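I opened this entry to record what I looked up, element by element. The notes follow the order in which I checked things.

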Amino acid sequence: MASYPSSPPHQDHAPGPRPHGAVPHPRWWERKGVRATALATLLAVSGAVIAALVREQTGTEGFLVGLGLALVPVPLLIAAFRWLDRVQPGPWRNLVFSFAWGACAAALIAIVANSFATRWIETATADPTGADTLGATVIAPVVEESAKAAAVLLVFLFRRRDFTGVVDGVVIAGVTATGFAFTENILYLGNAFGTDQLTGTGPGLSSVTAATFFVRVVMSPFAHPLFTVLTGIGFGIAAVRAPERGKVRRILMPLAGLLVAMAMHAFWNGSSSFGEYGFFAVYAAFMVPVFGLVTWLAIYLRHRELRTVRTELTLCVGAGWLAPPEPFALGSLKARGLAREFAAHYGGKEAERAVTEYEAYATSLALLRHRARKGGAGADFAVRERELLDALWERRGYARAALAYASQIAAPMWRPPVYAAPMAPGAAYPPYRY
């Protein structure tokens, strides 16, 4: 593991001209712009197709009603995952991609594959009821969790710098599942509205639409995110391991998380066949405790990240990269917010942006150093560390004053020495206490 550079960056650290032919020119399909355009086109086409399929099943009016009702839990779930990701916020483009994949691509894969498999089983067995039960408890969990896990895999492979631990896996997986549940809720709520229209049931608490809204949006908006978060935890554990070490474990952990997600999804879908009160029994005795456990784990990991930031950045102080109060301020979300407010008040938007970027780079540096200490850094550790240190040095002007001010609520307070007896003349004073 490399040590911190002993001096700030100078001009001679800047990379020189790249030798001709040292890096081959990327082929057209390897360019980022081409890949981004292809991915956006895929998601747009998937979204158009899934919207047309859902509208065909629910009708235009049912589609609009379902769309409006399905939107209700989305901002709350996105805000919850964004709150969890406050220590090292990932870029918005990853969240937008994850939500779009879940709502468009994963939903399209699920609706087509589930329908095809259920019809095939019905034709082969001549048992429509058994085919529906088997489709809900076996086919749907496998297809849906695999389709949602594809988004986590893509971020893990192509946005590796943004995927550094379990919290990142939880956030990416949860946002993907939120998008999937959004589309699925449009379908269920739209069909429920159509049923009310056919039976002549008006709007009210006794309608099928109200019952569906209560079960899917009020009682269990976290169901799909909870299942897929288990897959994200597996990918997060794999992310903290070095690419050169434990390759088998790095493959098995995401697979184990995916299998657990499938099993939990199947158990949840099969709860309706456990009797009249099977659904409520599974909900109270299984879903709520597991949800509480996963929530506690996510919050615990967030607090552990803050402790890691404070511990690892203390090593930067001796090398002169950070001022002594900064690790304490950067290890507190409250102090970080206070530093941004201080910068915005005295330096405007430019200063606030510099402090925000400084906090993000410092957090990335601390977590990178922590992974290296645990043997989880990749071959590009030294290059990445140097990039982060240079980025911190460029923004130190605004950040140091703001973080020094904010550290007053996070740094240890000096306390005057307390003596049990009067000091004798000429006696040495004991050291100060902090």
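I count two residues as in contact when heavy atoms lie within 4.5 Å. With that cut-off I looked up T201, leaving aside its neighbours within four places in sequence, and found contacts with D196 and S207. The model is a predicted one.

**T201 and its surroundings.** I placed T201 in the loop between α5 and α6. Is T201 buried or exposed? Neither label fits: its relative accessible area is 29%, so T201 is partly exposed. I also checked G200, which follows α5, and noted a positive phi near 75°.

**Overall make-up.** I then stepped back to the whole protein chain. I noted 13 helices and zero strands. Of its 434 residues, 42% count as buried. I also looked at contacts between residues at least 6 apart in sequence, and 77% of these join residues at least 24 apart.

**Helices α5 and α6.** I compared the length of α5 with expectation. Its 34 residues should span 50 Å at 1.5 Å a residue, and the end C-alpha atoms are 48 Å apart, which agrees. I found 27 of the 34 residues of α5 buried, so the helix is largely enclosed by the rest of the structure.

Next came α6, residues 208-219. This helix has twelve residues and reaches 15 Å from first C-alpha to last, close to the expected 16 Å. I listed T209, T212, R216, V217 and M219 as buried in α6. The cover over them includes α1, α5 and α9 (278-319).

**Helix α1.** How far apart are the end C-alpha atoms of α1? I read 34 Å for this helix of 39 residues (32-70), short of the 57 Å that a straight helix would reach. I went looking for a bend and found a kink of about 110°, centred on G59.

I then checked burial in α1. The buried residues include L43, I50, V54, F63 and A70. Their cover includes α2 (74-84), α3 (92-125) and α5 (166-199).

I picked S46, also in α1, for a closer look. S46 has a relative accessible area of 6%, so it is buried, the cut-off being under 20%. Neighbours within four places aside, S46 is in contact with C104, A105 and L108. I also took the distance from S46 to A100: 9.5 Å, C-alpha to C-alpha, with their positions 54 residues apart in sequence.

**Nonpolar cores.** Which residues touch the most other members of the largest nonpolar core? Of its 61 residues, they are W101, F163, V170, V171, W268 and M287. I followed W268 outward. Not counting residues up to four places away in sequence, W268 touches S220, A223, F227, F279, V282, Y283 and M287. Apart from this core I found another, of 27 residues, among them C316, A339, A362 and F381.

**Crossing of α4 and α8.** Last, I examined α4 (residues 128-158) against α8 (residues 247-269). Their axes come within 8 Å and cross at roughly 145°. I noted the crossing as right-handed. On the α4 side, the contact residues include A136, A140, E144 and F156. On the α8 side, they include R250, L258, M262 and H265.

Definitions and conventions
Residues numbered from 1 in each chain as written. Predicted model: local features only at pLDDT ≥ 70, side-chain atom pairs only at ≥ 80, totals over all residues. Heavy atoms only, no water. Helix = DSSP H or I, 4+ residues; strand = E, 2+ residues; numbered from the N terminus. Expected span 1.5 Å × (residues − 1). Bend = angle between axes of the 7 residues up to and from the residue. Buried < 20%, exposed > 50% of the residue type's maximum accessible area, 1.4 Å probe, protein only. Core = buried A, V, L, I, M, F, W, Y, C linked by side-chain atoms within 4.5 Å. Axes fitted to C-alpha atoms, helices over the stretch in contact; angles between N-to-C directions. Left-handed = near helix turned anticlockwise from the far one by under 90°.
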